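This briefing introduces a single structure to a reader who has not met it before. Look over the sequence and the model first, then go through the points below.

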Amino acid sequence: PNLALKICNQWYGKSENTNWIVKHACRTLLKAGNSEAMILFDFGNPKNISVNNISLNKKKLKIGEAAECNYKLKVGGKKKSKIRLEYAVTFAKANNKFSKKVFKISEKFYDSGEYNLNKKHSFVNLSTRKHYAGKHQIAIIVNGVEKAKVDLELID
């Protein structure tokens, strides 16, 4: 990661095409919440940003259904904030362990204020992911920092 970030810092800002390559190269670092990668793309410290009132439309779902996560994003400060908004699902696995996957929601500027937001996630089995009954978790991540989470249960 250090070498990749060194090269990305040198290349970023040279051209629009190079910026796209650099951003693509940093996807994993951004999803991991790497602070140096966040700074490179102007995502600041989310200390003035909170996520409140997180809830699900259903706490118990059958495999194949979707969960809608509702939450309130509160942005403090006097100027616009560039925010990378993501959600993570911690999946129950067949071996009684857990696996976390991060999904990007958006990257944009927000004025100070409160925003009622939601995100739907489907628990339909895919060729790349099989779902298992058990406890799962959905978390909201702001600029690489987990701000709120909620539990749900998947049933057969």
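In which helix does W11 lie? W11 is part of helix α1. The model is a predicted one. The points below start at a nonpolar patch on the surface, move to strand β4 and its partners, and end with the nonpolar cores.

**Surface patch**

- L3, I7, W11, W20 and I21 make a nonpolar surface patch of about 560 Å².
- Two helices, α1 (2–11) and α2 (16–25), each supply at least two residues of this patch.
- The most is given by α1, with 3 residues.
- W11 has a relative accessibility of 45% and therefore counts as partly exposed, since the partly exposed class lies between 20% and 50%.

**Strand β4 and its partners**

- Strand β4 covers residues 81–92, and 11 of its 12 residues are buried, so the rest of the structure largely encloses it.
- On β5 (residues 98–110), β4 has an antiparallel partner, and the pairing runs over 12 bridges.
- The two strands β4 and β5 form a hairpin with 5 residues between them, and N96 in the turn has a positive phi of about 65°.
- Strand β7 (residues 134–142) also runs antiparallel to β4, joined to it by 6 bridges.
- Within that pairing, A88 stands opposite A139 of β7.

**Residue I83**

- I83 is located in strand β4, and its bridge partner in β5 is K108.
- Is I83 buried or exposed? Its relative accessibility is 0%, so I83 counts as buried.
- Beyond its neighbours within four places in sequence, I83 is in contact with ten residues' worth of surroundings that include F43, I49, L73, V75 and V142.
- N45 is 38 residues away from I83 along the chain, and the C-alpha atoms of the two are separated by 9.5 Å.

**Nonpolar cores**

- Which residues touch the most other members of the largest nonpolar core? Of its 24 residues, these are L73, I83, L85, F123 and I138.
- Two or more residues of this core come from each of β1 (49–56), β3 (66–75), β4, β5, β7 and β8 (145–155).
- Another core, of 11 residues, lies apart from it, and its members include C8, L29, L30 and F41.
- Leaving aside neighbours within four places in sequence, L73 has contacts that include I49, V51, I83, L85, Y110 and L117.

Methods
Residues are numbered from 1 along each chain as its sequence is written. This is a predicted model: local features need pLDDT of at least 70, side-chain atom pairs count only at pLDDT 80 or more; totals for chains, interfaces and linings use all residues. Side-chain values use heavy atoms; hydrogens and water are left out. Patches are made of residues with over 30% relative accessible area and no salt bridge: like charges are joined within 9 Å, nonpolar side chains (Val, Leu, Ile, Met, Phe, Trp, Tyr) within 5 Å. Accessible areas come from the Shrake-Rupley method with a 1.4 Å probe; for residues, only the protein chains shown count as cover. A salt bridge is a side-chain nitrogen of Lys or Arg within 4 Å of a carboxyl oxygen of Asp or Glu. Helices (H or I, at least four residues) and strands (E, at least two) are DSSP runs, numbered from the N terminus. Buried means under 20% relative accessible area, exposed over 50%, partly exposed in between (1.4 Å probe, protein chains only). Two strands pair if DSSP finds at least two bridges between them. Contact means heavy atoms within 4.5 Å. A nonpolar core is a set of buried Ala, Val, Leu, Ile, Met, Phe, Trp, Tyr and Cys residues joined through side-chain atoms within 4.5 Å.
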